[in-house]
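Here's a quick tour of how the parts of a protein fit together, and of the empty space left inside. Have a look at the model first, then read on.

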Amino acid sequence: MTELRFCAGHPLARAVHRIYRVFRSGERVVAVCSRGEDLRAALEEVGLKARLGLPPELDCISIVEEEVSRCELCNDAPRGEPLRVALLGHGTVGTGLYRRVAQLPERFTVVGIAVRDVRKAERAGAPARLLHDRCWRVLRKPADVVVELIGGTVRAARVIHWSLELGRHVVTANKAVMAPRAPELEKLARKRGVQLLYSASVGGALPALETLRRERGAVHSFSGVLNATSNFVLDGIARGLTPRQAVVAAQRAGYAEADPRLDLDGTDAAQKLTLLARAAFGRDPLRVRCEGISRLAPSRIRAAREQGKAVRLVASCRGDEAEVSPQLLPLDHPLATTAGAENRLFVERRGAHPLLLCAKGAGRWPTAEAVLADLYDLTDLPARARSA
Ligand SMILES: NC(=O)c1ccc[n+]([C@@H]2O[C@H](COP(=O)([O-])OP(=O)(O)OC[C@H]3O[C@@H](n4cnc5c(N)ncnc54)[C@H](OP(=O)(O)O)[C@@H]3O)[C@@H](O)[C@H]2O)c1
């Protein structure tokens, strides 16, 4: 268990970054601070559960209200120069990341931001002097790390490849690229002596990849609810919305993309499952069966609710066998009560109790927090390794 103390002299966002980094390392966290309720709300914004006064649990941070005069953030001077960040994308996640990074000038300097529509990005708060309408214009600026948040596959894979070739570290949230190409890109990163980090590509603020990598060798099997859109839509249909209305509600809440087909047909969950299987077992599963919720009759979802059960889109893996499929779960199942945009991961381990992790799996702030934690990890590298 780690106790973290925060005085009132720092923005709460900094306390959140510190807590999240410890939380994702697998520690139970007790945060001591005089602004308990405000800290709880700030943690909730990034998708982390916190409770006042209760003992910490793996899926939940405990907050103790107490005056703290000086804290570790008071002496948190970073080593060396700020990390130079080339940011590709200023959409849902990129906007959040830029705002967070701009509040940490002693750690990070943004050298350029690539978007397609410069005016739109300006209206969303990005400074005009940093904006470019082509990725290559930002990539040619001196930088230590490229943050790829443009999404898609072909162009995103190309810019990640170029960046690694140029000897830049890369941070990405792009599971559609990393699921098929991580092994090859990681090999290139090792060859160039740089890091390729992609925590945010699975589970938003849920430290799913970190947990399974840490537990590698002890994992018997794991299962999870990994697609926030499907979960949100299933909840909406269970409450009486039509599938169309439920998808629109997910889009309005910022969880579903304009074209939600890859979420609803199970592809997104299957991509995350592949990344998690590699983290847990060190290899791809031999078989991945994939069935989404697109063809599920609303009457089945509502009938489950009436029987005191829940339908969830579950991604599971036991060694070589992996599957994404809708499952009817009793309410005492660890995944059954996954609510709205929450993601959960349940890990069964050899010779140890199972682990259950919960956090918000999508949305601007949870995803930006996971990307930021990867950037912080780069600032911890020795000076020679962090600079390109
Ligand atoms: N949103 C989430 O909750 C979430 C959660 C986990 C992971 N992710 C992943 O994070 C990544 C970003 O997602 P997002 O939701 O932030 O996407 P988004 O809102 O669609 O934003 C994409 C950004 O990239 C820019 N862009 C796209 N193509 C470009 C190009 N060819 N050149 C320059 N800029 C380009 C867009 O510019 P314009 O606006 O000018 O078009 C926009 O600023 C994706 O890989 C996604 O899968 C997202």
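What follows covers the domains, the place where two of them meet, and a cavity. Keep in mind that this is a predicted model.

**How the chain is divided**
- The domain assignment splits the protein into three pieces, starting with domain 1 at residues 2-74.
- Domain 2 comes in two stretches, 79-202 and 366-386, while domain 3 runs over 208-361.
- Going by C-alpha atoms, the centres of domain 1 and domain 3 lie 28 Å apart.

**Where domain 1 meets domain 3**
- On the domain 1 side, eight residues make contact, and they touch 10 residues of domain 3.
- The size of an interface is often given as the accessible area lost when the parts come together.
- For domain 1 and domain 3, that buried area is about 750 Å², with 53% of it on carbon and sulfur atoms.

**What holds charges and polar groups across the interface**
- Two salt bridges turn up between domain 1 and domain 3.
- If you want a salt bridge to look for, try Arg-24 and Glu-210: their side chains meet with 2.9 Å from N to O.
- There are also four residue pairs in polar contact across this interface.
- As for the domain 1 residues that touch domain 3, three are charged, three are polar and two are nonpolar.

**Empty space inside**
- Rolling a probe the size of a water molecule over the atoms shows where empty space is left.
- Searching the whole structure gives one cavity of 30 Å³ or more.
- The largest cavity has a volume of about 30 Å³.
- Its lining is made up of Pro-11, Ala-13, Arg-14, His-17, Arg-100, Gln-103 and Leu-104.

Conventions: Residues are numbered from 1 along each chain as its sequence is written. This is a predicted model: local features need pLDDT of at least 70, side-chain atom pairs count only at pLDDT 80 or more; totals for chains, interfaces and linings use all residues. Side-chain values use heavy atoms; hydrogens and water are left out. Domain bounds come from an automatic or database domain assignment. Contact means heavy atoms within 4.5 Å. Buried area is the accessible area (1.4 Å probe) that two parts lose on being put together, summed over both. A salt bridge is a side-chain nitrogen of Lys or Arg within 4 Å of a carboxyl oxygen of Asp or Glu. A polar contact is a pair of N or O atoms within 3.5 Å; within protein, one must be able to donate a hydrogen and the other to accept it, and residues adjacent in sequence count only if both atoms are side-chain atoms. Ala, Val, Leu, Ile, Met, Phe, Trp, Tyr, Cys and Pro count as nonpolar, Asp, Glu, Lys and Arg as charged, and the others, Gly among them, as polar. On a 1 Å grid over the protein atoms alone, a cavity is a set of points where a 1.4 Å probe fits but cannot get out, and a pocket is an open set with protein on both sides within 12 Å along at least five of seven lines; lining residues have an atom within 4 Å of a point. Grid points are joined across faces, edges and corners, and a volume is the space filled by probe spheres set on the points.
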